[in-house]
Amino acid sequence: MSNTDDSIREIRINPIVPTESVLVATARGMRPKKAEEKADRDTREHVETCPFCRGNEARTPPEISRWPTGADWDVRIVPNLYPVLGDDRAQTNLAFGLQQVIDGYGRHEVIIDNPNHGIALHEMSEQHLSNLFGVYQQRMADLYASDSRLKYVLVFKNFGAAAGASIPHTHSQIIATPVVPENVQNEVQHSRLYQQKYSHCVFCSLLDEALTYEATIYDRDSGEIRRKINVGQYVVERGERFVAIKPFASRFEWEIHILPLQHQSDFLKVTAEDLQDFARVLRRTMHRLDEVVGGVQYNFFLHSVPHGNEYDDCDDSYHWHLEICPRTSIPTGFELGSGLFVSTVSPEQAAEALRDAQIADE
Ligand SMILES: [Zn+2]
Ligand SMILES: [Zn+2]
Ligand SMILES: [Zn+2]
C-alpha cells in the first residue's frame with residue numbers, strides 16, 4: 001500500500017480530458033456498485049451452427065476480405081448483418097430549429113478475429129494478434145481511402161454479453177462514420193490545447209511520468225506522508241516499443257491503456273515490427289487481466305488521430321492508443337446521471353495486482 005490510510009476517497013481529474021473525472025472510493029465495506037456476473041465462456045473450438053466458424057463461410061453476408069486468402073483463413077471481414085450505419089442512402093443532412101441531423105451514413109463491418117470459436121485474446125498466438133491488428137490497419141486505410149466523407153474509422157471489440165457481444169464467436173467490429181466520436185474528439189481537442197500551452201504531447205508527458213516520476217507528498221499541517229508515487233507504479237507491462245499502463249483516473253476499475261513509447265499519432269503508420277511488440281504486450285496484458293479478474297468481459301477501442309484537413313495539425317499533439325475496458329460492475333444511476341464514474345479499487349492497487357500476476361514467460 002502506498003497510502004498511510006488504507007482507504008481512498010477522492011475525485012481524480014482525467015489528465016487527458018480534464019472535463020472527465022472519476023471518484024476513487026475504496027473504503028472497506030463500501031459496495032456502491034453491483035458486480036457484473038461473470039459470463040460462462042463458450043470455449044468450444046468449432047460450432048457446427050455458428051456462421052463465423054470455418055467451413056460456414058456461406059452463412060455470412062458476402063465477404064469483404066480474408067487473410068490469408070484460401071480456405072485456411074485466420075481473419076475474415078464481413079458486413080454487419082444489422083448495421084447501425086449504412087452507405088445505401090443518399091439523404092442530405094437536416095437542420096430544423098434545434099434539431100440537427102447528420103444522415104446515418106457510414107460503414108459497419110465485422111471482423112472474425114480467429115477461426116477458433118471460443119478462443120480468448122490471451123490464448124491467441126503473438127503472430128496471430130500481430131496479423132489481426134495488421135488486418136485492422138489495412139481495412140482502416142482502405143476505408144479512409146474509399147471515401148473522404150468518412151472522418152473516423154473506429155475499431156472496437158465487445159467480449160462477453162455484458163460488453164455488448166451478441167454472437168459468442170470471437171469477433172471485433174469496424175464502424176466508419178462521417179463524424180468523429182465524442183470520446184476521440186475530446187481527446188483530440190484537449191491534447192491540442194495542451195500542446196499549444198506546453199509544446200509537448202500530453203500522452204508523452206504522461207508516459208514520462210509513469211516511467212520516471214517519483215515523489216512523496218506530505219500533508220501540510222501534520223507533516224505526514226499523504227501519498228508516495230513510485231517509479232513505474234502505473235506500469236502493467238512493458239515491451240521494447242509499447243507500454244501498458246493503468247490510468248491514474250479511469251472510468252473502469254481494471255481499465256488499461258496500451259501506447260507506443262515513441263510518439264506516434266496515427267495507427268496507420270505503425271510498422272510490422274511495431275505490431276510484433278504490440279502483440280506481445282497486448283497478449284501478456286490480457287493474460288494478466290485474466291489471471292487477476294478471470295473470465296472478464298471487456299471492450300477495447302482503438303483511438304487514432306482522425307482523418308481530414310481539420311486534424312492535420314494534430315500530428316504532434318495526438319498519440320494513438322488502445323483502451324481496454326473490463327466490465328466488472330454495472331454502472332449505477334449515479335454514474336450515468338453524473339458522468340462521474342466510481343472506482344472501488346484504487347488504480348495503484350489494480351496496477352500492482354496486474355503486475356504481480358504470475359504468467360508463464362512465453
Ligand atoms: Zn464460431
Ligand atoms: Zn505523444
Ligand atoms: Zn482514448
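## Terms and basis

A residue counts as buried when its relative accessible area is under 20% and as exposed when that area is over 50%. The structure described here is a predicted model. The report treats the zinc sites in turn, then two local backbone features, and finally the empty space in the protein.

## Zinc ion (ligand 2)

The zinc ion (ligand 2) is held by Cys-201 and Cys-204 through their SG atoms and by His-263 and His-319 through ND1, at 2.1 to 2.3 Å. The ideal angle for four tetrahedral donors at a metal is 109.5 degrees. Around the zinc ion (ligand 2), the four donor atoms subtend angles of 107 to 114 degrees, and the arrangement is therefore tetrahedral.

Along the chain, the donor residues of this zinc ion (ligand 2) follow the spacing C-x2-C-x58-H-x55-H. Cys-201 belongs to the loop between H2 and H3, whereas His-319 belongs to the loop between strand S15 (298–303) and S16, so this pair ties together parts 118 residues apart in sequence. His-319 has a relative accessibility of 0% and therefore counts as buried. Cys-201 is likewise buried, with a relative accessible area of 4%.

## Zinc ion (ligand 1)

The protein donors of the zinc ion (ligand 1) are Cys-50 (SG), Cys-53 (SG), His-117 (ND1) and His-169 (ND1), which lie 2.0 to 2.3 Å from the metal. The angles among these four donor atoms run from 107 to 116 degrees, and the site is tetrahedral.

The sequence spacing of the donor residues of the zinc ion (ligand 1) is C-x2-C-x63-H-x51-H. Cys-50 and Cys-53 are both buried.

## Zinc ion (ligand 3)

For the zinc ion (ligand 3), the protein donors are two OE entries of Glu-187, together with His-303 (ND1), His-321 (NE2) and Glu-323 (OE), at 2.0 to 2.6 Å. The spacing of these donors of the zinc ion (ligand 3) along the chain is E-x115-H-x17-H-x1-E. Glu-187 in helix H2 and His-321 in strand S16 are 134 residues apart, and the pair links distant parts of the chain.

Glu-187 has a relative accessibility of 7% and so counts as buried. His-321 is also buried, its relative accessible area being 1%.

## Local backbone features

Most residues other than glycine have a negative phi, and most peptide bonds are trans. Ser-199 has a positive phi, near 50 degrees, although it is not a glycine. This serine, Ser-199, is found in the loop between H2 and H3. Ser-199 is exposed, with a relative accessible area of 58%; Cys-201, a zinc donor in the loop between H2 and H3, is buried.

The peptide bond from Trp-67 to Pro-68 is cis, with omega near -15 degrees. Pro-68 lies in the loop between strand S3 (65–67) and strand S4 (75–79).

## The largest pocket

The largest pocket has a volume of about 690 Å³. Its lining comprises 36 residues, of which Pro-15, Leu-206, Pro-247, Phe-248 and Ala-249 are the closest to its centre. By class, 18 of the lining residues are nonpolar, 10 are polar and eight are charged.

Several secondary-structure elements each supply at least two residues of this lining: strand S2 (21–25), helix H2 (182–198), helix H3 (202–212), strand S11 (225–229), strand S14 (256–260) and strand S16 (321–326). H3 gives the largest share, with six residues. Two of the contributing elements, H2 and S16, also hold Glu-187 and His-321, respectively.

## Enclosed cavities

Rolling a probe the size of a water molecule over the atoms shows where empty space is left. Over the whole structure, two cavities of 30 Å³ or more are found. The largest cavity contains about 100 Å³ of space. Its lining consists of Arg-41, Ala-120, Leu-121, His-122, Phe-159, Met-286, Asp-290, Gly-295, Val-296 and Tyr-298. In the largest cavity, six lining residues are nonpolar, two are polar and two are charged.

The second largest cavity holds about 30 Å³. It is lined by Lys-33, Arg-251, Phe-252, Glu-253, Pro-326, Arg-327, Thr-328 and Ser-329. The lining of this second largest cavity divides into four charged, two polar and two nonpolar residues.

Key: Residues numbered from 1 in each chain as written. Chains lettered and ligands numbered in written order. Predicted model: local features only at pLDDT ≥ 70, side-chain atom pairs only at ≥ 80, totals over all residues. Heavy atoms only, no water. 1 Å grid on protein atoms, 1.4 Å probe; cavity = no way out; pocket = protein on both sides within 12 Å on 5 of 7 lines; lining within 4 Å. Points joined across faces, edges and corners; volume = space filled by probe spheres on them. Helix = DSSP H or I, 4+ residues; strand = E, 2+ residues; numbered from the N terminus. Nonpolar A, V, L, I, M, F, W, Y, C, P; charged D, E, K, R; others polar. Donors = N, O, S within 2.8 Å, 3.2 Å for Na, K, Ca; no water. Tetrahedral: all angles 85-135°; square planar, octahedral: opposite > 155°, others 65-115°. Buried < 20%, exposed > 50% of the residue type's maximum accessible area, 1.4 Å probe, protein only.
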